[in-house]
Amino acid sequence: MARIRELDALRGFAVCGIMLVNTWQHVDPRPLEGAAFMAFVEGRFYPIFSFLFGVSFALFLRSHDDRLIMLRRLAVLALFGAGHWWLMPGEVLLPYALLGVGVLLPASYLPKWLNPVLGVVVLCWAVVAASPWILIGGLFLLGLACVDYGGPKPSLLVFLCSLVALGVFWMVGGFLSALAGAAVYASGFLLLSPRVFEPLGRMALTNYVSSSFVIIAAQAESFRSVVVVTAVTLVVQWCFSAWWLSRFRYGPLEWVWRCLTWMRVVPNRQTVAGDRSSAGPDPDRPRAQEEPGGRA
C-alpha cells in the first residue's frame, strides 16, 4: 500500500492552520486587529487533524493487525505529548494518545457498521455538549470508519463533502460553526488537491512540536507579527521538510517514534533497503538497485 499523498497534503494544510491559531492564542492581550479574520480560523483545523488521526490509525492496523504494537505506538505518542504539554499546556498529542487507547483501540474490535453510527452519535453529543474532547473521539471513530468502508481516498472526500452541509449553520457561531468550517476547508482543499503542503504533512509531528518553540520564543504582540511569525516558520519548515525527505523516509521525531514503537532501529535513509514496519512504501522515493518493487 503506497502513501496516500492527498492525506499527507491535507495534514500539512492542517499543520499550517494550527500554527497560525496557536501563535494567535499566545498573544496577550489579543489585539482587535485581525480578530474578525481569526474568528473564521480558530477551531477549524484541529477537527481535520483529529479525523486524519483516526484514518492513520486504521491504515496502520490494516498493514499491522497487532493491537499491542498499536498500544506501544500510542504510549510513545503519550510520552511526546507529556513533554510537549509541559511546554505548551493544552496541546493535543497527549489527549490524542489517551483517546486513541480509550476510543480507537476498543472500536477496532467492533463490527465495521457500528463505528460510523457511533461516530455520528458521538459527534452530535459533542455539538450539544460543546466539548472539544468528545468531538475528537467522534472524529476518531469517523476516520476509522472511513478506511473500513472502501479505503480512505474516495471515502475521505465523500465524507468531508457531506459534512459541508453543516455550513448552513455557519452563522450560528460557536462550536457548530467551527465544525462546519473545518468541513468546508477540508473539502475545498481535497477538491483542489494542492500537494505543495505534502512535505509539511509527512513531517507533521516534527513540525507541530518545533513550531511551539518558535511561538514561545517569538512572543508575537500583534496580528501582523502573528502572520509574519507563522508565515516565516512554515516556509522554513517546508524547506527543511522537503530537504530532509529527499534524504530520509521519516522526519526526525517521526523516526524516533517509529523506532520506539518497533523497539529497534528502523531504516531511514532513502538509499537503504525498505522498512518492513512501514504501513506503506513511499512511491516517489529513490530505491536502491537491490530493492525490489517499483511505483505503486
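**Surface patch, helix packing and salt bridges in an all-helical model**

Trp113, Val117, Val121 and Tyr149 make up a nonpolar patch on the surface, and their accessible area together is about 430 Å². The model described here is predicted. Of the patch residues, Tyr149 is located in the loop between α7 (132-148) and α8 (152-163). Its relative accessible area is 43%, so Tyr149 is classed as partly exposed.

The protein chain contains 13 helices and zero strands. Its pattern along the sequence is accordingly written as α-α-α-α-α-α-α-α-α-α-α-α-α. Of the 296 residues in the protein chain, 52% are buried.

The packing of one helix pair was examined. Helix α4 (residues 67-87) packs with helix α5 (residues 93-107) at an angle of about 155°, and the two axes lie 6 Å apart. Because angles over 145 degrees count as roughly antiparallel, α4 and α5 are assigned to that class. The crossing of α4 past α5 is left-handed.

A contact between distant parts of the sequence involves helix α3 (residues 46-63), where Val55 is found. The C-alpha atoms of Val55 and Asp148 are separated by 9.3 Å, although the two residues are 93 residues apart along the chain. Val55 has a relative accessible area of 1%; this is under the 20% limit, so Val55 is buried.

Side chains of opposite charge can pair when their charged atoms come close. In this model the count of salt bridges comes to five. One of them joins Arg5 to Glu198, with the closest N and O atoms 3.0 Å apart. Arg5 belongs to helix α1 (residues 5-25) and Glu198 to helix α10 (residues 198-202), so this pair ties together parts that are 193 residues apart in sequence. The two partners fall into separate accessibility classes: Arg5 is partly exposed at 24% relative accessibility, whereas Glu198 is buried at 8%.

A further salt bridge is formed within helix α1 by the side chains of Arg11 and Asp8, at an N to O distance of 3.1 Å. Arg11 and Asp8 are three residues apart in this helix, which is about one turn. Arg11 counts as buried, with 14% relative accessibility, and Asp8 is likewise buried, with a relative accessible area of 3%. Arg67 also takes part in a salt bridge, with Asp65 as its partner; here the closest N and O atoms are 2.3 Å apart. Asp65 has a relative accessibility of 60% and therefore counts as exposed.

Backbone geometry was also considered. The peptide bond from Asp28 to Pro29 is cis, and its omega is near 0°. Pro29 is placed in the loop between α1 and α2 (35-38). Ala130 has a positive phi, near 50°, in a residue other than glycine. This residue is in the loop between α6 (114-129) and α7. With a relative accessible area of 44%, Ala130 is partly exposed. Met263, not a glycine either, has a positive phi of about 60°. Met263 is part of the segment after α13 (252-262), and its relative accessibility of 62% places Met263 among exposed residues.

Conventions
Residues are numbered from 1 along each chain as its sequence is written. This is a predicted model: local features need pLDDT of at least 70, side-chain atom pairs count only at pLDDT 80 or more; totals for chains, interfaces and linings use all residues. Side-chain values use heavy atoms; hydrogens and water are left out. Patches are made of residues with over 30% relative accessible area and no salt bridge: like charges are joined within 9 Å, nonpolar side chains (Val, Leu, Ile, Met, Phe, Trp, Tyr) within 5 Å. Accessible areas come from the Shrake-Rupley method with a 1.4 Å probe; for residues, only the protein chains shown count as cover. A salt bridge is a side-chain nitrogen of Lys or Arg within 4 Å of a carboxyl oxygen of Asp or Glu. Helices (H or I, at least four residues) and strands (E, at least two) are DSSP runs, numbered from the N terminus. Buried means under 20% relative accessible area, exposed over 50%, partly exposed in between (1.4 Å probe, protein chains only). Axes are lines fitted to C-alpha atoms, for helices over the stretch in contact, and angles run from 0 to 180 degrees between N-to-C directions. Angles under 35 degrees count as roughly parallel, over 145 as roughly antiparallel, 65 to 115 as roughly perpendicular and the rest as oblique. A crossing is left-handed if the near helix is turned anticlockwise from the far one by less than a right angle, and right-handed if clockwise.
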